Amino acid sequence: MVVGHDNSVLRASQPSLLSGDLQTASRHEREGREAPPEVALLGSKPAFAEVLQVGRPNIPDRSAFLSRINRMLDNKQLTNFGPMALELENKIAEVAGARHCVATCNGTVGLELAIGALGMQGEVIVPSFTFIATTHALWRQNIRPVFCDVDPETHCLDPRRVREAITSATTGILGVSLWGDYSGEEELRSIADEHGIKLLLDSAHSFGCGRERAGCGIVSDAEVFSLHATKCIHAIEGGAIVTDDDALAKRLRLMVNFGFAGEDTVTYLGTNGKMCEATAAMGLTSIEAKDRIFEQNRMNYLAYMDGLSNVSGIKVRARSPQDRHNFHYVVCEIDSSTAGLTRDELIAALRLENVVARRYFFPGCHRMEPYASLFPNSKKELPVTEAVAGRVMVLPNGLSVSRENVARLTERISSIVYRAPEVRAALKNCKDPRLPSFMR
Ligand code: T4K
């Protein structure tokens, strides 16, 4: 359906059979008008009986997972580079097109290990528009995160601003390929090479994503994936570092296991960052279903594009046909002056439809502690980050979301936007506990 609150063409969003709307529907019918679009906040039945949410884990094949768990119990190799963790590493390296992969207990520890193994110190340039783990991974190693603004189109580091941020203390760039989209890593690579500094990519969102390019291998010194339960390919908790650098891989392999190079020889400062067999079992089960998961995500993404294409003030982020993509994150930008509602109001109205959309990554790391206190002037230097963080909304996707769900959800979004003035007024008096904390 194609409507906006300022659009005179209106089609009834659903057959109006829902109890809260009966009276209104019959009055409209009597008057020869179409029923108003349904909105739970305005008294209609919620669009979904069960909550539809961003982050609902994909559980691709329960029996394959359980048989791996049984094998693990029979083997009695529960962790410490067990066969399933090693098999998963090979599969991840293959998908990423990298020479090496070191699996880790989560993406955050993967980042910390890669930062340490690359010898980063002093200052590292990083976007603020990312999940807080990216920045914490630096600061926890006493490295100063130098927040750099992002490009309004890519949502990733703006290379011009990266150049301006380099000082004599800069030892690296920590880019983030947000949403699995292309992050301009070739240009970041050139900047890093010009200055003799390292390039690490936080590719937490990007498993299975990438730009087709001549030659093989990865562009950065290392890339880190997250295999957290909320990611399209996951290991319940998990992460993976990939690199083409043999020496770096060797170092990482030691560091992920306390630095042990033999039974009683420690050669590096390390930690316990290993992936255990139970989580590797889920990782393998998940990666086996990769094509099915990506395809369902893609079909849903296209349904979102279609359903929201003409809703005033809502733009679904486009994906470049040049790129391989997992289509996991469905990212919209809300222009409140056209939609008639702010992003936060829309998210709040959706909660009453039993839909949990998220405002990733609001308000930006620079506005979170300890960085807000440490670098109080950052917000003046990050105008694009401030603007983008204020308008992004992520919608549910994954195996638990069907195309029918998407069609229903986009109709509701359309209805909410159509009835924006009433929705805004109703929100002011709403005390529903499902409302997000930022609207209560
Ligand atoms: N870099 C970037 C750019 C990242 O995005 C992340 C993680 C990292 C680094 C660090 O990687 P890890 O160390 O996490 O491997 C979630 C995830 O916790 C986080 O992994 C992810 N990024 C981030 C984007 O999203 P929250 O706070 O939104 O998660 P949470 O717990 O609210 O889960 C989302 C929804 O999913 C919940 O409403 C309920 C549902 N859910 C979640 C879990 C875990 C379930 O239904 N079942 C579950 O088991 O951060």
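User: In this predicted model, is Glu-38 buried or exposed?
Analyst: The cut-off for buried is under 20% relative accessible area. Glu-38 has 1% relative accessibility. Glu-38 therefore counts as buried.

User: Which side chain meets Glu-38 in a salt bridge?
Analyst: A salt bridge needs a Lys or Arg side-chain nitrogen within 4 Å of a carboxyl oxygen of Asp or Glu. Here the N to O distance is 3.1 Å. The partner of Glu-38 is Arg-412.

User: How many residues apart are Glu-38 and Arg-412?
Analyst: Glu-38 sits in the loop between helix 1 (22-30) and strand 1 (52-53). Arg-412 belongs to helix 16. The pair links distant parts of the chain, 374 residues apart.

User: What is the relative accessible area of Arg-412, and which residue is linked with Glu-38 and Arg-412 in a network of salt bridges?
Analyst: Arg-412 is buried, with a relative accessible area of 1%. The network links Glu-38 and Arg-412 with a further residue, Glu-353.

User: How many salt bridges does a search of the whole structure find?
Analyst: The pair Glu-38 and Arg-412 is one of them. Lys-290 with Asp-291 is another, the closest N and O atoms being 3.2 Å apart. Asp-291 counts as exposed, at 54% relative accessibility. The search of the whole structure gives 26.

User: Arg-68 forms a salt bridge with Glu-288. Which helices does the pair tie together?
Analyst: The closest N and O atoms of Arg-68 and Glu-288 are 2.5 Å apart. Arg-68 is buried, with a relative accessible area of 8%. The two residues are 220 apart in sequence, so the pair ties together distinct parts of the chain: helix 2 and helix 9.

User: Which residues touch the most other members of the largest nonpolar core?
Analyst: This core has 40 residues. Helix 10, strand 12, strand 14 (330-334), helix 12 (343-351), strand 16 (392-395), helix 16 (403-418) and helix 17 (420-429) each supply at least two of them. In soluble globular proteins, nonpolar side chains tend to be buried together. The members with the most such contacts are Leu-308, Ile-314, Leu-350, Met-393, Leu-395, Leu-409 and Ile-413.

User: Which residues does Ile-413 touch, not counting those up to four places away in sequence?
Analyst: Contact here needs heavy atoms within 4.5 Å. Ile-413 is among the core members that touch the most others. Its partners are Leu-308, Ile-314, Leu-346, Leu-350 and Leu-395.

User: How many residues are in the other core, which includes Ala-93 and Leu-227?
Analyst: This core lies apart from the largest one. Val-242 and Leu-284 are also among its members. Its size is 30 residues.

User: Why is there no disulfide bond between Cys-232 and Cys-209?
Analyst: A disulfide needs two cysteine sulfur atoms within 2.5 Å. Cys-209 holds the closest cysteine sulfur to that of Cys-232, yet the gap is too far for a bond. Cys-232 counts as buried, at 3% relative accessibility. The sulfur to sulfur distance is 6.9 Å.

User: How many disulfides does a search of the whole structure find?
Analyst: Cys-332 is also without a partner, because the closest cysteine sulfur, in Cys-156, is 17 Å away, too far for a bond. Cys-332 is buried, with a relative accessible area of 0%. The search finds 0.

User: Which residues make the nonpolar surface patch of about 260 Å²?
Analyst: One member is in strand 11 (residues 265-266), namely Val-266. Val-266 is partly exposed, with a relative accessible area of 48%. The patch is made by Phe-258, Phe-260 and Val-266.

User: Which residue does a cis peptide bond join to Tyr-360?
Analyst: Omega of this bond is about -10°. The residue asked for lies in the loop between strand 15 (355-356) and helix 13 (371-374). Pro-370 is found in that loop too, and the peptide bond from Glu-369 to Pro-370 is cis, with omega near 5°. The residue joined to Tyr-360 is Phe-361.

User: What is the phi of His-155, a residue other than glycine?
Analyst: His-155 is in the loop between strand 4 (144-148) and helix 6 (159-165). His-155 counts as buried, at 1% relative accessibility. Its phi is positive, near 65°.

Note on methods: Residues numbered from 1 in each chain as written. Predicted model: local features only at pLDDT ≥ 70, side-chain atom pairs only at ≥ 80, totals over all residues. Heavy atoms only, no water. Buried < 20%, exposed > 50% of the residue type's maximum accessible area, 1.4 Å probe, protein only. Core = buried A, V, L, I, M, F, W, Y, C linked by side-chain atoms within 4.5 Å. Helix = DSSP H or I, 4+ residues; strand = E, 2+ residues; numbered from the N terminus. Patch = residues over 30% accessible without salt bridge, like charges linked within 9 Å, V, L, I, M, F, W, Y side chains within 5 Å. Areas by Shrake-Rupley, 256 points an atom, 1.4 Å probe, with all protein chains shown as cover.
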